[in-house]
Amino acid sequence: MRKVVLITGASSGIGLALCKRLLAEDDELHLCLACRNRNKAEAVRASLLASHPTAEVTIVQVDISNLQSVFRASKELKQRFQRLDCIYLNAGIMPNPQLNIKALFFGLFSRKVIHMFSTAEGLLTQGDKITADGLQEVFETNVFGHFILIRELEPLLCHSDSPSQLIWTSSRNARKSNFSLEDFQHSKGKEPYSSSKYATDLLSVALNRNFNQQGLYSNVVCPGTALTNLTYGILPPFIWTLLMPAILLLRFFANAFTLTPYNGTEALVWLFHQKPESLNPLIKYLSATTGFGRNYIMTQKMDLDEDTAEKFYQKLLELEKHIRVTIQKTDNQVGHSGSCL
C-alpha cells in the first residue's frame, strides 16, 4: 500500500521542493497537495506527474487561514483516505515584513553578528490583521489552522500499530522572548512570525505528550534561509542577487544560509525516513549548508519547557471549543432564517 503524505503550502517554495525530493526518492508515494490556489496546485500536479508518471498526486483545496475551509478540506480528506502516514505542516506567512536598519547596523559591529544573520533576531517586524474568524492572521495561518486540521484528521493519524508523523516547518527565528501565554496570538506585539514559530514548537511538544501512545509523533524543522516568496517579501530579488557574494562568503561561518528551497528541505526529507518514535521531541532539526554547498542536518535543543507547552495546548483546546460553539450558533441562525423564507 502506498504511503500517503499530505503537504500544506505545496505549490511553491519549500513545499514544492519537498514534493520533488520525496518523489525523486520514492515515486510510489501518494502525495496530496493541500493548497489555497487550485490552479497553481493543478500546474504543480501536472509537472510532478510528468517527471514521475508512476506516482499518485492528488489535490485538496484549503486555505489554512480560514477555518471553514479547513473543516471542508478535512471532511473531504476523511472521505478519501483511511489513514495518513505523514502531514507536513508547512504553509505559513510573514506579512509586510520590515527590516530594522538600525538593529542591522549595530549588529554588524557586534560579537553576535553571525547569530544575528543566522536567526534574524531583532531584525524583522511584521504587520498583522484580523481574519474572518476574528483571529490574528499570522497565528491562525501558521499555528491554529494547522492545529484544527490535525484535530479533524485524528482518525486518520492515530493508529498505534503503525505510527504517523507530523513535521512542522518552524524557524531559527522562534524566540521565547516574543511569545506570551497571555497573548499567544501576539496581538500586542510586532513580531508575530517569531511568536507563531515558537508557538509551533510548544504545540509540537504538547502533541507528543498527548498522542504518542496513540501512535502519532510530532517534530519541528527549520529549513534555514532559503530564497522563497517569504524571503522575497523582506527584500526584493535584485537585492538578494546583489548580496549573494557576501552571503556565500558568510556561509562559511553561518550554516543557516541554505539559499535554495531544495537545500532547505534537507531536514524535512531526513525526518520522513526516520522512525518517529526514536526522535527526541525536544529537539529542533535544522537544515544546514556548508560554505562549499554540502547539505547536512544539525540539531538544536528547543528553549522551552513541557509545562508551558501543555498550558498552551489547553488554551488552544479552549479556543477551539469557543470557535465550534460560535460556528454552531451561526449555522443555527442561518437555518432558522432559511426556514422563514
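A residue is termed buried when its relative accessible area is under 20%. By this criterion, every residue of strand β4 (residues 86-89) in the present predicted model is buried: Cys-86 and Tyr-88 point to one side of the strand, and Ile-87 and Leu-89 to the other. This arrangement follows a general rule, since in a regular strand the side chains alternate between the two faces of the sheet.

Strand β4 is paired with two other strands. Three bridges connect it to β1, and the two strands run parallel. Within this pairing, Tyr-88 of β4 is the bridge partner of Ile-7. Strand β4 also pairs with strand β7 (residues 164-169), again in the parallel sense, over four bridges. Here the bridge partner of Tyr-88 is Ile-167 in β7. Tyr-88 thus has a bridge partner in each of these pairings, Ile-7 and Ile-167.

The pairing continues through strand β1 (residues 4-8), which runs parallel to β2 and is joined to it by five bridges. Ile-7, already noted as the partner of Tyr-88 in β4, has Leu-33 as its bridge partner in β2. Strand β2 is joined in turn to strand β3 (residues 56-61) by six bridges, and these strands also run parallel. In this pairing Leu-31 stands opposite Val-57 of β3.

The connections on both sides of β2 involve helices. Strand β1, helix α1 (residues 13-25) and β2 form a β-α-β unit of right-handed sense. A right-handed β-α-β unit is likewise made by β2, helix α2 (residues 38-51) and β3. Strand β2 therefore takes part in both units, closing the one that contains α1 and opening the one that contains α2, as follows from the numbering of elements from the N terminus.

With regard to burial, strand β2 (residues 30-35) is largely enclosed by the rest of the structure, because six of its six residues are buried. His-30, Cys-32 and Ala-34 point one way from the strand, whereas Leu-31, Leu-33 and Cys-35 point the other way. Both sets of side chains belong to buried residues. Among the helices, α8 (residues 192-211) is also largely enclosed by the rest of the structure, since 18 of its 20 residues are buried. From its first C-alpha to its last, α8 reaches 27 Å, close to the 28 Å expected at 1.5 Å a residue.

Charged side chains form twelve salt bridges in the structure. One of these is the contact between Glu-76 and Arg-80, with an N to O distance of 2.4 Å. Both residues belong to helix α3 (residues 67-80), where they are four residues apart, about one turn of the helix. Glu-76 is partly exposed, with a relative accessible area of 30%, and Arg-80, at 33%, is also counted as partly exposed.

Other salt bridges connect separate helices. The side chains of Glu-320 and Arg-151 meet at 2.9 Å, N to O. This pair links distant parts of the chain, as Glu-320 lies in helix α13 (residues 306-339) and Arg-151 in helix α6 (residues 137-152), 169 residues apart. Glu-320 is buried, with a relative accessible area of 5%, whereas Arg-151 is partly exposed, with a value of 28%. A further salt bridge is formed by Arg-324 and Glu-152, at 2.6 Å, N to O. Because Arg-324 lies in α13 and Glu-152 in α6, the pair ties together parts that are 172 residues apart in sequence. In this pair the arginine, Arg-324, is partly exposed at 32% relative accessible area, while Glu-152 is buried at 15%. The two contacts between α13 and α6 belong to one network, in which salt bridges with shared partners join Lys-78, Arg-151, Glu-152, Glu-154, Glu-320 and Arg-324.

The surface also carries a nonpolar patch of about 540 Å², made by Leu-249, Phe-252, Phe-253 and Phe-292. Phe-252 is located in the loop between α10 (237-250) and α11 (261-264). With a relative accessible area of 44%, Phe-252 is classed as partly exposed. This value satisfies the requirement for patch members, namely over 30% relative accessible area.

Conventions
Residues numbered from 1 in each chain as written. Predicted model: local features only at pLDDT ≥ 70, side-chain atom pairs only at ≥ 80, totals over all residues. Heavy atoms only, no water. Patch = residues over 30% accessible without salt bridge, like charges linked within 9 Å, V, L, I, M, F, W, Y side chains within 5 Å. Areas by Shrake-Rupley, 256 points an atom, 1.4 Å probe, with all protein chains shown as cover. Salt bridge = Lys/Arg side-chain N within 4 Å of Asp/Glu carboxyl O. Buried < 20%, exposed > 50% of the residue type's maximum accessible area, 1.4 Å probe, protein only. Pairing = 2+ DSSP bridges. Right-handed = clockwise from strand over helix to strand, strands pointing away. Expected span 1.5 Å × (residues − 1).
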